[in-house]
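Visitor: Please take me through one part of this structure, up close. I am new to it, so explain the terms as you go.

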Amino acid sequence: TDFGYKTVDREAKASMVADVFHSVAAKYDIMNDLMSFGIHRLWKRQAIACAGVRKGHRVLDLAGGTGDLTAKFSQLVGDTGQVILGDINDSMLKVGRDKLRDLGLVSNIEYVQMNAEALPFPDNSVDVITIAFGLRNVTDKDAALRSMYRILKPGGRLLVLEFSKTDNEALSKLYDFYSFNILPNMGKLVANDSESYRYLAESIRMHPDQETLKGMMENAGFEQTTYQNMTGGIVALHRGFKY
Ligand code: SAM
């Protein structure tokens, strides 16, 4: 049946995503710096600036991986706040936990294995959710967005940082060449894993563009939904509120 086919499809994607991140976890941070020429730090800085995190907030860094955003949020929420680094992949969580502990960040961070499609929190219980370079890996993105909306407090906000579509033709060509030729080779050289980096390039190409993602957020209930392009639209930062 159609349903059976979709089930197999879903499981295939989920297990492929799991394999990719188990495989890249140990080299994830260095590959991020190499692949983006360090620019991912600027994209993340902008997401943090737009997240409005304050002392005492309860923040979910979803698909948080090795915890770059969590590290900053941990300082911003202070002793009275809490940051939850949520990720489906225990290898990524472990690398993140080791890194943040080495940085001396311990008191207000929790590490929880979770699936973005069914978040293990009560309704209206989180002030801010960020998902950075995570949503494109999620199988049922609409379910994930609904789940995020459900757990946000009224007045809370969601930030989605993700690869998107550039409308500059020259940049787009250059970027395609980079993603499908250079990137897998770099993955092979540094991490001995070209397949994972080929998947990453594919998943970026398949991800909804700026306006589509904005519409998906609105369908899930988010209001005042806006986005800003960065690096010519290679990356976009979407923001939406729950009222
Ligand atoms: N946010 C980090 C960053 O920006 O460096 C990590 C991003 S990494 C490219 C994507 C992360 O999404 C991986 O750690 C992966 O395990 C996680 N992920 C994939 N599918 C997920 C799901 N359904 N629920 C939660 N996390 C998921």
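**The sheet and its helices**

Guide: Start with one pair: threonine 130 stands opposite leucine 159 in S5. This is a predicted model, where local features need pLDDT of at least 70 and side-chain atom pairs count only at pLDDT 80 or more, while totals for chains, interfaces and linings use all residues. Residues are numbered from 1 along each chain as its sequence is written.

Helices (H or I, at least four residues) and strands (E, at least two) are DSSP runs, numbered from the N terminus. Strand S4 (residues 126-132) runs parallel to strand S5 (residues 152-163), and six bridges join them. Two strands pair if DSSP finds at least two bridges between them.

Now widen the view. Seven strands form an open sheet with mixed pairing, in the order S3-S2-S1-S4-S5-S7-S6. Strand S3 (109-113) and strand S6 (223-230) stand at the edges with a single partner strand each, so one side of each has no neighbour in the sheet. On average, neighbouring strands of this sheet are turned by 15° against each other, direction ignored. Axes are lines fitted to C-alpha atoms, for helices over the stretch in contact; angles run from 0 to 180 degrees between N-to-C directions.

Helices lie across the strands. Helix H4 (residues 68-77) lies across strand S1 (58-62), strand S2 (82-87), S3 and S4, and runs at about 165° to S2. Contact here means that two residues have C-beta atoms, placed from the backbone, within 7 Å. Helix H9 (residues 210-219) lies across S5, S6 and strand S7 (235-241), running at about 155° to S6.
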